[in-house]
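Biologist: Can you walk me through this model? I'd like to go piece by piece.

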Amino acid sequence: SAIGGADVTQIVEGRERFPVNLRYPAAYRSSPEALRVLPLVTADGADITLGDVAEVYTEAGPPAIKSENARLQGWTYVDIEHRDLAGYVEEAKRVVAEQVELPPGYSIAWSGQYEYMVRASERLAVIVPVTLAIIVLLLWMNFRSVIDVGLILFTVPFALVGGVLLIWRLGYDLSVAMGVGFIALAGVAVEIGVLMVAYLNSALREARAVAGPERRPDLLAVVREGAGRRLRPILMTSISTIAGLIPIMIGSGVGSEVMQRIAAPMVGGMVSTLVLTLLVLPSAWVLVQRVRLYGVRPGGSGGSSW
């Protein structure tokens, strides 16, 4: 009490209350040496010092005692650099399990950002399949064709390839922010695929109406017509999206790291989606239509529609 102090009374000033703390002056308690020479008087009246009856020393200890769920806690803080959080924690768990033997009553919990990431991953594991299922249902309600829905969904893996390549090139580690970016990328990629397939089907219906029931429309001409109509809108959508995200990619400051990991999958994915939508998707559509309309499979007899 003489060192740490003890409240002996209060000062009242209106509605305010101030405690009065009584303890030794700073000169008598500022160091272990000063504490050792503090005078004491025994019951027999002898004068001795605190150092005669106690060992006075300085030792580092916990700044506070923390508890959770009625159990005492001790925290070990870890800063991770140039390493993904989940991979580090999984490796740390394995090493601790192999090399640390906990006494009875002790346990280890991994918290902080890792705990938040695990919770977010569990939610994404439910949200992503549900989102894809809703997308498939909406596409089916609009096109009423499994083939058209499959062609549109074909844009998603191509978009993911571009996003993954850019993330790998930038050296980013996987995180929840990237998961959000990939979800947004999937939505934009499906939207672009819908535009292309819808206009290709529209051009095919127009060509069949002009050619009549007795003639086969030229699928290559149909592709040039339908894809040509959508060339400028698709380019505008992709380029405007990339241009809008470039300032985020090159920016700096508070929150920029999180935003960059959301934007990176979309920037890389939009580039690969653009290539897919303008080159691969029309070619795949031609092959599918040859099988659907004429029963001509790749490698079969040719014709102008091939």
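What follows is a short back-and-forth about one helix, its neighbour and a few single residues.

Modeller: First the ground rules: this is a predicted model, where local features need pLDDT of at least 70, side-chain atom pairs count only at pLDDT 80 or more, and totals for chains, interfaces and linings use all residues. Residues are numbered from 1 along each chain as its sequence is written, and side-chain values use heavy atoms, with hydrogens and water left out.

Biologist: How far does helix α7 reach from its first C-alpha to its last?

Modeller: Helices here are DSSP runs of H or I with at least four residues, strands are runs of E with at least two, and both are numbered from the N terminus. Helix α7 covers residues 155-170, which is 16 residues. The expected span is 1.5 Å times one less than the number of residues, giving 22 Å for α7, and the model comes close to that at 23 Å.

Biologist: Which residues of α7 are buried, and how wide an arc do they cover?

Modeller: Buried means under 20% relative accessible area, exposed over 50%, and partly exposed in between, with a 1.4 Å probe and protein chains only. The buried ones in α7 are Thr155, Val156, Ala159, Gly162, Gly163 and Ile167. They sit on the same side of α7 because their arc, taken from the directions from the helix axis to the C-beta atoms, is only 130°.

Biologist: And which α7 residues are exposed on the other side?

Modeller: An α-helix has 3.6 residues a turn, so residues three or four places apart point the same way. On the side of α7 away from the buried set, the exposed residues are Leu165, Trp168 and Arg169.

Biologist: At what angle do α6 and α7 pack, and how do their contact residues divide?

Modeller: Axes are lines fitted to C-alpha atoms, for helices over the stretch in contact, and angles run from 0 to 180 degrees between N-to-C directions. Helix α6 (residues 146-153) packs with α7 at about 5°, axes 4 Å apart, so the pair is roughly parallel (under 35 degrees; over 145 is roughly antiparallel, 65 to 115 roughly perpendicular, the rest oblique). Contact means heavy atoms within 4.5 Å, and here it is made by Leu151, Ile152 and Leu153 of α6 with Thr155, Val156 and Pro157 of α7. With Ala, Val, Leu, Ile, Met, Phe, Trp, Tyr, Cys and Pro as nonpolar, Asp, Glu, Lys and Arg as charged, and the others, Gly among them, as polar, the split is five nonpolar, one polar and no charged.

Biologist: Which residue has a positive phi although it is not a glycine?

Modeller: Look in the loop between α5 (113-143) and α6. The residue there is exposed, at 57% relative accessibility. Its phi is about 55°, and it is Arg144.

Biologist: Is Ser238 buried or exposed, and what is it in contact with?

Modeller: Ser238 has its place in helix α9 (residues 219-250). Its relative accessibility is 0%, so Ser238 counts as buried. Leaving aside neighbours within four places in sequence, Ser238 is in contact with Ile192, Met270 and Leu274.

Biologist: What does Thr9 touch?

Modeller: Thr9 is found in strand β1 (residues 6-13). Thr9 has a relative accessible area of 45%, so it is partly exposed. Not counting residues up to four places away in sequence, Thr9 touches Phe18, Pro19 and Val20.
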